[in-house]
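Open the model in your viewer and keep the selection panel at hand. The stops below take you through it one selection at a time.

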Amino acid sequence: MLSFKSLATVATLAFGALSAVAAPAPQSHGAGVAVAAGLKHTRDTQVVGVAQIIQTTTVTLTPVVQKLQFINTQNCTVDAITPVVNDIKGILGDAVTQVNALVGAATSDILAGVDGAAAVTVTDLAKLLGDLLTLVFTALGAVLAVVGQVGGDVAAAVTPLLQAVGELVGSLLHAVLALVGGLLGGLIPAVLALVGDVLSVIAKLQINVLISVFGIQL
Ligand SMILES: *[C@@H]1O[C@H](CO)[C@@H](O)[C@H](O)[C@H]1NC(C)=O
């Protein structure tokens, strides 16, 4: 944990470096630019642990996932769903890459709290993961319900798209568990306790990695 003094030193150094860069700016604005840049610099160098990765991923996913959540019989088509699914897969794939990049990092970095807070607890991380799983699988469940109304060929075409999303969520949870499982005991039961509402969707889509992680009885 950095002391206030060392944080202040870092900020001063950042300010100095960026003031030099910002020097050509008009005098009246120069200081403001440098201060803003200095603040941004401090934030950028903050350690991004697994908790921050998951939280940012959920925030990024939310508006995209809503397109599935609010799907209706008119736009429940492969053409409408495919680009949304591809966006979601891109966001989840980035998250898996970021989590895997933490393998071998210092424990204090891996478990760094959100927005520079103290180390994340099992309860905190379970909540972040539970929120992400609930967000995505609630939306996939909404699509499944509409697919059920539309019936016919749509179900056969759309279900694999939903499964691909579910499997990537499984890969992300798997990567997190591989990273922190040895550091935070009891994470799986803590997440399981929060995702009861979407277990039926996970089972229906047959997301094997999650079925096995959570020990869902089919
Ligand atoms: C389907 O239409 C609803 C209502 O306009 C909209 O909220 C939703 O984002 C649309 N979803 C897709 C996948 O186009």
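The expected span of a helix is 1.5 Å times one less than its number of residues. Keep that rule for the first stop in this predicted model.

**Stop 1: helix α6.** Select residues 122-150. This helix, α6, has 29 residues. From first C-alpha to last, α6 reaches 41 Å, close to the 42 Å expected at 1.5 Å a residue. Step on to Gly151, which follows α6. The phi of Gly151 is positive, near 70°.

**Stop 2: the whole chain.** Zoom out. The protein chain has ten helices and zero strands. Of its 218 residues, 29% count as buried. Now turn on contacts between residues at least 6 apart in sequence: 78% of them join residues at least 24 apart.

**Stop 3: colour by confidence.** The mean pLDDT of the chain is 84, and 79% of the residues reach 70 or more. Which element has the lowest mean pLDDT, and which the highest? Helix α1, residues 4-22, is lowest with 38. Helix α3, residues 50-69, is highest with 98. Select residues 1-44 next: the pLDDT is below 50 over this stretch. In the model, residues 1-44 still have 21 contacts beyond near neighbours in sequence.

**Stop 4: the ligand shell.** Select the ligand and expand to its surroundings. You should find Lys67, Phe70, Ile71, Asn72, Asn75, Ala80, Ile81 and Val84. By class, the shell has five nonpolar, two polar and one charged residues. Which element gives the largest share of the shell? Helix α4, residues 78-101, does, with three residues.

**Stop 5: helix α4.** Stay with this helix and check its length. At 1.5 Å a residue, the 24 residues of α4 should span 34 Å. The end C-alpha atoms of α4 are 33 Å apart, so the two values agree. Now pick out the buried residues of α4: Ile81, Val84, Val85, Ile88, Leu92, Ala95 and Val99. Two of these, Ile81 and Val84, are buried and also sit around the ligand. What covers the buried residues of α4? The cover includes α3 and α7, the latter at residues 153-180.

**Stop 6: Val78.** Select Val78, which is in helix α4. Is Val78 buried or partly exposed? Val78 counts as partly exposed, because it has 14 C-beta neighbours inside 10 Å, and burial takes 20 or more. Add Ala157 and Val158: Val78 touches both, not counting residues up to four places away in sequence. Draw the C-alpha to C-alpha distance from Val78 to Ala157. The two lie 6.7 Å apart in space but 79 residues apart in sequence.

**Stop 7: the annotated spans.** The unreviewed UniProt entry places "transmembrane region" at residues 132-152 and 172-195. Select 132-152: the span is 90% helix and 0% strand. Its end C-alpha atoms are 31 Å apart. Switch to 172-195, which is 62% helix and 0% strand. There the end C-alpha atoms lie 15 Å apart.

**Stop 8: Gln206.** Finish in the loop between α9 (199-204) and α10 (208-214), where Gln206 sits. Most residues other than glycine have a negative phi. Gln206 has a positive phi, near 55°, and is not a glycine. Gln206 is partly exposed because 13 other C-beta atoms lie within 10 Å.

Methods
Residues numbered from 1 in each chain as written. Predicted model: local features only at pLDDT ≥ 70, side-chain atom pairs only at ≥ 80, totals over all residues. pLDDT = per-residue confidence, 0-100. Helix = DSSP H or I, 4+ residues; strand = E, 2+ residues; numbered from the N terminus. Contact = placed C-beta atoms within 7 Å. Near = placed C-beta within 6 Å. Nonpolar A, V, L, I, M, F, W, Y, C, P; charged D, E, K, R; others polar. UniProt positions renumbered as here; feature names shortened; annotations may be inferred. Buried ≥ 20, exposed ≤ 12 C-beta atoms within 10 Å, placed from the backbone.
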